[in-house]
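Here are some exercises to work through with the model open beside you. Try each task yourself before you read its solution.

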Amino acid sequence: MNYQGAIFDVDGVLVDSPHERAWRDSLQQLMEGAWRDIAPQTSYTPWAFTTSVYQEYVAGKPRMAGAKAALDFFGVPDPDGSRVRAYAATKQEYLLKLVAAGEFTAFDDALRLVLRLKAAGLKLGVASSSKNANMFLERVPIGIFAAREREQRALGGDMDASVDTGMDIETVDHSALETLHIPADTSLLDVFDANVSGRDFAHGKPDPEMFLACAAELGLPPAECIVIEDAQSGVQAAKAGGMAAIGIARLGDEALLRAAHADYVVTSLDDIDVNALLEDS
């Protein structure tokens, strides 16, 4: 059957958020400060908290689960859970400061894919474990972005030099966007038909509960949905829920996403052939 819906993760897929930085810097702050007495008992060093560690153990998980996963990875003792709570709170406070300072961006290839799928008539959902997801999405002016894309298509020129897309605009199928009219004041949050981000589910990724809830709110069976994820746990959740999965490997982690059994693995969402996707069965 053809896909009728697409469900997007947020951090690492739609936006380049400072989550990873907040997790890393907050742990360093604690280990060099309040927790310096227990630091020698752990395997933690600032340079050991790599992007690979973040992607494999923390990314895509609810806040408390992510904090616990990081502390477990580094062997930080936490017999009563107080350090998990402190770490999660410290990370959240730091993250809000980074967001207030405007230190996040939306991925142009993701915005183009959202618009192309919208123009093709798919129902769109968004499902993130992060309680901060809506805060990011409502700050992305996709209406202005869509207007800019149409203007550049009409001019037949390349993308603005300040936007690093890695490809010429002519290599991306924008024909559907020419008939898609989105008001200039539309935010990225506004374009989704279902949003389950930040809800308190009984189980986080890699459990499929979140994606199944999103599919239900789209009014679609799981088999008619395709999930766009950047994290191993997210791909595993999609597959466990009976959905197809696109793995976006922005960090050179193609092998990790393939190991999670993603149906497609790409390094840019501009590489997704929407027509072929709609014809897939």
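A nonpolar core is a set of buried Ala, Val, Leu, Ile, Met, Phe, Trp, Tyr and Cys residues joined through side-chain atoms within 4.5 Å. Please keep in mind that this is a predicted model.

**Exercise 1. The cores**

Task: Find the residues with the most contacts inside the largest nonpolar core, and say which helix gives this core its largest share.

Solution:
- Step 1. Begin with the count: the largest nonpolar core holds 46 residues.
- Step 2. Look for the residues with the most contacts inside this core; they are Phe 8, Leu 14, Leu 188 and Phe 192.
- Step 3. Now turn to the helices. H5, covering residues 108-119, supplies the largest share of this core, with 6 residues.
- Step 4. Another core lies apart from this one; it has 22 residues, including Val 196, Cys 214, Leu 220 and Ala 249.
- Step 5. Select Phe 192 and list what it touches, setting aside residues up to four places away in sequence: Phe 8, Leu 14, Val 114, Leu 124, Gly 125, Val 126 and Leu 137.
- Step 6. For background, nonpolar side chains in soluble globular proteins tend to be buried together.

**Exercise 2. The overall fold**

Task: Decide how the radius of gyration of the protein chain fits with that of a compact globule.

Solution:
- Step 1. Take stock of the elements: the protein chain has 11 helices and 8 strands.
- Step 2. For 281 residues, a compact globule would have a radius of gyration near 19 Å; the protein chain has 19 Å, so the two agree.
- Step 3. Add the spans of the C-alpha trace along its principal axes, about 60 × 40 × 30 Å.
- Step 4. Check burial: 51% of the 281 residues are buried.
- Step 5. Consider the contacts with a separation of 6 or more; residues 24 or more positions apart account for 73% of them.
- Step 6. Finish with the surface. The accessible surface is about 12,300 Å², and carbon and sulfur atoms own 50% of that.

**Exercise 3. Helices H2 and H3**

Task: Work out which helices the buried residues of H2 and of H3 pack against.

Solution:
- Step 1. In H2 (residues 51-58), pick out the buried residues Val 53, Tyr 54, Gln 55 and Val 58.
- Step 2. The buried residues of H2 pack against H1 (19-32) and H3 (63-73).
- Step 3. In H3, the buried residues to mark are Gly 66, Ala 67, Ala 69, Ala 70 and Leu 71.
- Step 4. The buried residues of H3 pack against H1, H2 and H4.
- Step 5. Look at what follows each helix: Gly 60, just after H2, has a positive phi of about 85°, and Gly 75, just after H3, has a positive phi of about 70°.

**Exercise 4. A lysine in H4**

Task: Is Lys 91 buried or exposed?

Solution:
- Step 1. Locate Lys 91 in helix H4, residues 82-100.
- Step 2. The cut-off for a buried residue is under 20% relative accessible area.
- Step 3. Lys 91 has 2% relative accessibility, so it counts as buried.
- Step 4. Look at its surroundings. Beyond residues up to four places away in sequence, Lys 91 touches His 19, Ala 22, Trp 23, Ser 26, Arg 63 and Asn 132.
- Step 5. Take Ala 22 from that list: its C-alpha atom is 5.4 Å from that of Lys 91, although 69 residues separate the two along the chain.

**Exercise 5. Loops and backbone angles**

Task: Find what is notable about the backbone at Pro 206 and at His 261.

Solution:
- Step 1. Recall that most residues other than glycine have a negative phi, and most peptide bonds are trans.
- Step 2. Lys 205 and Pro 206 are joined by a cis peptide bond, with omega about 15°.
- Step 3. Pro 206 sits in the loop between strand E5 (194-195) and helix H8 (209-218).
- Step 4. His 261 is not a glycine, yet its phi is positive, about 75°.
- Step 5. This histidine, His 261, belongs to the loop between H10 and strand E8 (264-266).
- Step 6. Its relative accessible area is 58%, so His 261 is exposed.

Methods: Residues numbered from 1 in each chain as written. Predicted model: local features only at pLDDT ≥ 70, side-chain atom pairs only at ≥ 80, totals over all residues. Heavy atoms only, no water. Buried < 20%, exposed > 50% of the residue type's maximum accessible area, 1.4 Å probe, protein only. Helix = DSSP H or I, 4+ residues; strand = E, 2+ residues; numbered from the N terminus. Contact = heavy atoms within 4.5 Å. Rg over C-alpha atoms; globule rule 2.2 N^0.38 Å. Areas by Shrake-Rupley, 256 points an atom, 1.4 Å probe, with all protein chains shown as cover.
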